[in-house]
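Visitor: I have a model open and would like to go through the strands and the charged pairs. Could you guide me?
Guide: Certainly; let us begin with the display.

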Amino acid sequence: MTQRKSESTRLNLRLLHRQAPALAASLTTEANFRLSDDESTLFVDEVTVSIVDLRARWNTLMRGLIASEHVVDLGGEANE
């Protein structure tokens, strides 16, 4: 069965990262998320009314996460 563009869609994303709390902070206003108990994994859960909306949410989330990771990496270089 093929999903239609107008059907509701869910995204469950799991990110393993040494600075997962910093990435989570970048999503505070963007997405529903939680951290694992050991704070090594970031879980992002999104539900949208259509695939088109999910694609837009994905793009927004990825831009934010990529920018945050770059900042975290720069901070690490400054501390070396």
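Visitor: In what order do the three strands lie in the sheet, and is the pairing parallel or antiparallel?
Guide: This is a predicted model. The sheet is open, its strands are ordered S1-S3-S2, and the pairing is antiparallel.

Visitor: Which strands stand at the edges?
Guide: Strand S1, residues 9–16, and strand S2, residues 32–35, are at the edges. Each has a single partner strand, so one side of each lacks a neighbour in the sheet.

Visitor: What does the twist average from one strand to the next?
Guide: The average is 15 degrees.

Visitor: How many bridges join S2 to S3?
Guide: There are four bridges between S2 and S3, the latter covering residues 41–48, and the two strands run antiparallel. Within this structure, Arg-34 has Phe-43 in S3 as its bridge partner.

Visitor: Changing topic: how many salt bridges does a search of the whole structure find?
Guide: The search yields three. One of them joins Arg-18 to Asp-73, with 3.0 Å between the closest N and O atoms.

Visitor: Where in the chain do Arg-18 and Asp-73 lie?
Guide: Arg-18 is in the loop between S1 and helix H1 (20–26), whereas Asp-73 belongs to helix H2, residues 51–78. The pair therefore links distant parts of the chain, 55 residues apart.

Visitor: Is Arg-18 buried or exposed?
Guide: Arg-18 is exposed, because its relative accessible area of 61% is over the 50% cut-off. Asp-73, at 29%, is partly exposed.

Visitor: And which residue forms a salt bridge with Glu-30?
Guide: The partner of Glu-30 is Arg-57, and their closest N and O atoms are 3.8 Å apart. Glu-30 sits in the loop between H1 and S2 while Arg-57 is in helix H2, so this salt bridge ties together parts 27 residues apart in sequence. Glu-30 is partly exposed, with a relative accessibility of 33%.

Visitor: Which other side chain does Arg-57 meet in a salt bridge?
Guide: Arg-57 also meets Glu-46, at 3.2 Å from N to O. This pair links helix H2, which holds Arg-57, with strand S3, which holds Glu-46; the two residues are eleven apart.

Visitor: Is Glu-46 buried or exposed?
Guide: Glu-46 is buried, because its relative accessible area is 9%, and buried means under 20%.

Visitor: Which residues are joined into one network by salt bridges that share partners?
Guide: The network consists of Glu-30, Glu-46 and Arg-57. Arg-57 is the shared partner, as it pairs with Glu-30 and with Glu-46.

How values were computed
Residues are numbered from 1 along each chain as its sequence is written. This is a predicted model: local features need pLDDT of at least 70, side-chain atom pairs count only at pLDDT 80 or more; totals for chains, interfaces and linings use all residues. Side-chain values use heavy atoms; hydrogens and water are left out. Two strands pair if DSSP finds at least two bridges between them. Axes are lines fitted to C-alpha atoms, for helices over the stretch in contact, and angles run from 0 to 180 degrees between N-to-C directions. A salt bridge is a side-chain nitrogen of Lys or Arg within 4 Å of a carboxyl oxygen of Asp or Glu. Buried means under 20% relative accessible area, exposed over 50%, partly exposed in between (1.4 Å probe, protein chains only).
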